[in-house]
Amino acid sequence: MELLHDDNYFMKQALIEAQKAFEADEVPVGAVITIDNKIIARAHNLTQRLNDVTAHAEMQVITSAANYLNGKYLSGCTLYVTLEPCVMCIGAIYWARLSRIVFAAGDPKRGFQRAHINLHPKSTVSSGIMESEAVKLLNKFFDGKRK
């Protein structure tokens, strides 16, 4: 079967979510979860709107996907996120048993790789997909905050 969409397509969808966060004055991180080449959940950061430090895009999209599938495990699903997950989010990703994690930009200060945290043994990770687009949006957000 020929894939209708690839990693770039799905990361573009995550970037659309990140743009929504940017427009809402949230840190511009967006995420989508797919299964069988179909998007089943979309989300972006909501920490400001919800006044909740745990309302990261990954946490929101995991909850949405679990509701869609009517189960807590997301085996067979892929998470596309515009920024490397933090320690909190990678914990949720681990427990949700996502099969694949694809992130755009690395986060050398707060990303899970800096903490040397292992993924679920059945999970794989890919990075750098549309990295420059994600970094550009993040820099635009933080440059605006520093003025």
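**Salt bridges, sheet order and cysteines in the predicted model**

Lys-20 forms a salt bridge with Glu-17, and the closest nitrogen and oxygen atoms of the pair are 2.9 Å apart. The structure analysed here is a predicted model. Both Lys-20 and Glu-17 belong to helix H1, where a spacing of three residues, about one turn of the helix, separates them. The two partners can also be described by their accessibility: Lys-20 counts as partly exposed at 39% relative accessibility, whereas Glu-17 is buried, with a relative accessible area of 3%.

In total, the count comes to two salt bridges. Besides the pair within helix H1, the side chains of Arg-100 and Asp-7 meet in a salt bridge with an N to O distance of 2.6 Å. Because Arg-100 lies in strand E4 (residues 100–105) and Asp-7 in helix H1 (residues 7–23), this pair ties together parts that are 93 residues apart in sequence. Arg-100 itself, at 23% relative accessibility, counts as partly exposed. As a general point, side chains of opposite charge can pair when their charged atoms come close.

Strand E4, which carries Arg-100, is also part of an open sheet of five strands, arranged in the order E2-E1-E3-E4-E5 with mixed pairing. Strand E2 (38–44) and strand E5 (124–127) stand at the edges of this sheet, and each has a single partner strand, so that one side of each is left without a neighbour in the sheet. From one strand to the next, the twist averages 15°. For edge strand E5, the pairing with E4 runs in the parallel sense and extends over four bridges; within this pairing, Ile-101 has Val-125 in E5 as its bridge partner.

With regard to cysteines, the structure holds zero disulfides. Cys-86 is in no disulfide, and the nearest cysteine sulfur, that of Cys-89, is 3.7 Å away; reciprocally, Cys-89 is in no disulfide and has the sulfur of Cys-86 as its nearest cysteine sulfur. Since a disulfide is taken as a pair of cysteine sulfur atoms within 2.5 Å, the separation of 3.7 Å leaves Cys-86 in no disulfide. Both residues are assigned to the buried class: Cys-86 is buried with a relative accessible area of 16%, and Cys-89 is buried with a relative accessible area of 0%.

Methods
Residues are numbered from 1 along each chain as its sequence is written. This is a predicted model: local features need pLDDT of at least 70, side-chain atom pairs count only at pLDDT 80 or more; totals for chains, interfaces and linings use all residues. Side-chain values use heavy atoms; hydrogens and water are left out. Buried means under 20% relative accessible area, exposed over 50%, partly exposed in between (1.4 Å probe, protein chains only). A salt bridge is a side-chain nitrogen of Lys or Arg within 4 Å of a carboxyl oxygen of Asp or Glu. Helices (H or I, at least four residues) and strands (E, at least two) are DSSP runs, numbered from the N terminus. Two strands pair if DSSP finds at least two bridges between them. Axes are lines fitted to C-alpha atoms, for helices over the stretch in contact, and angles run from 0 to 180 degrees between N-to-C directions.
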